[in-house]
Amino acid sequence: MINFYNVTKIYPGNVKALSDVTLQIRKGEFVFLVGPSGAGKSTLTKLIYREELPNRGQVIFNGKNVARMRQREIPYLRRSIGMVFQDFRLLPQKTVFENIAFAMEVIGASGREIKKVVPKVLNMVGLAKKADVFPDHLSGGEQQRVSVARAIVNNPLLIIADEPTGNLDPDTSRDLMKLFLDINRRGTTIIMSTHAWDIVDAMKKRVVELAGGLIVRDEKEGTYRYEA
Ligand SMILES: Nc1ncnc2c1ncn2[C@@H]1O[C@H](COP(=O)(O)OP(=O)(O)OP(=O)(O)O)[C@@H](O)[C@H]1O
């Protein structure tokens, strides 16, 4: 579903963030991206949702060359990818329900559809009772569940999670990972950048390690292993 062919990304100032990266991720996979800060993990994911363009090579997502997409195709690309960030990025003036509804509104869903679907995803993330609460009245773990609900509400093909447990305590992190596993079991591909070695070691999923813009390890049931 995702193919990188000899992808090189150089930022202004001649910073080589990725160097001749070739990688294939199949539909339904759960992939951890690990490696030290600055290794190129975020850059790799940004190339998938076209926040950045490669200098060389090709990034193919769902059969399409991402760099060659026309402007009008980009919204369709982005709606097929759900994003989860370390800092949640919820809208503070909107309730939990409204935060998730907003993700549907921007793609033109009807009010009826929204009323039907939002409670379902809230239920799935275990926050059915928090629909009318504002984000700052929720714990970090609950806020992250809202952002996961927002990420899955439009049925994406792929979820990109960038250090999703970075602000959560170990117990909350483990619960959140169960949620990601559950989503993955329903068929959604997941790419997760993380420094949480304990989680990576416990989950026994594919591990792709980057260092200095190169893939230095790609293991099927891998461990974290990198030493800082
Ligand atoms: N917009 C930018 N302009 C210039 N250099 C950049 C830009 N974004 C990233 N870089 C550089 O590219 C390299 C790779 O950065 P990237 O953010 O992909 O690393 P990372 O592995 O995600 O790190 P972290 O774990 O800290 O998030 C780093 O040297 C970084 O400083």
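**A walk through the sheet, the ligand shell and a helix pair**

Four strands form an open sheet in the order β2-β1-β4-β5, and their pairing is antiparallel. The edges of this sheet are β2 and β5, the latter covering residues 64–65, and each of these two strands pairs on one side only. The model is a predicted one, and everything described here should be read with that in mind.

The pairing can be followed strand by strand, beginning with β1, which spans residues 2–11 and pairs in the antiparallel sense with β2, residues 15–25, over 7 bridges. One place to see this pairing is F4, whose bridge partner in β2 is L23. Between the two strands of this hairpin lie 3 residues, and in the hairpin G13 takes a positive phi near 95 degrees. Strand β1 is also joined by 5 bridges to β4, residues 56–61, and these two strands run antiparallel. Here the residue to look for is I2, which has F61 as its bridge partner in β4. When looking along any of these strands, it helps to keep in mind that in a regular strand the side chains alternate between the two faces of the sheet.

From the sheet the reader can turn to the ligand. Around the ligand there are 13 residues, of which Y11, A17, S37, S42 and T43 come nearest. The elements that give two or more residues to this shell are the edge strand β2 and the helix α1, which covers residues 41–48. It is α1 that gives the most to the shell, with 3 residues. By character, the residues of the shell around the ligand divide into 5 nonpolar, 7 polar and 1 charged.

The last part of this tour concerns two helices, and two packed helices are described by the angle between their axes and the distance between the axes. Helix α3, residues 96–105, packs with helix α5, residues 140–152, at an angle of about 25 degrees, and their axes are 8 Å apart. Because angles under 35 degrees count as roughly parallel, α3 and α5 are roughly parallel to each other. The crossing in which α3 passes α5 is right-handed. On the side of α3 the contact is made by V96, N99, I100 and A103, while α5 contributes V146, A149 and R150. The residues of this contact between α3 and α5 divide into 5 nonpolar, 1 polar and 1 charged.

Definitions and conventions
Residues are numbered from 1 along each chain as its sequence is written. This is a predicted model: local features need pLDDT of at least 70, side-chain atom pairs count only at pLDDT 80 or more; totals for chains, interfaces and linings use all residues. Two strands pair if DSSP finds at least two bridges between them. A residue is near a molecule or strand if its C-beta atom, placed from the backbone, lies within 6 Å of it. Ala, Val, Leu, Ile, Met, Phe, Trp, Tyr, Cys and Pro count as nonpolar, Asp, Glu, Lys and Arg as charged, and the others, Gly among them, as polar. Axes are lines fitted to C-alpha atoms, for helices over the stretch in contact, and angles run from 0 to 180 degrees between N-to-C directions. Angles under 35 degrees count as roughly parallel, over 145 as roughly antiparallel, 65 to 115 as roughly perpendicular and the rest as oblique. A crossing is left-handed if the near helix is turned anticlockwise from the far one by less than a right angle, and right-handed if clockwise. Two residues are in contact if their C-beta atoms, placed from the backbone, lie within 7 Å.
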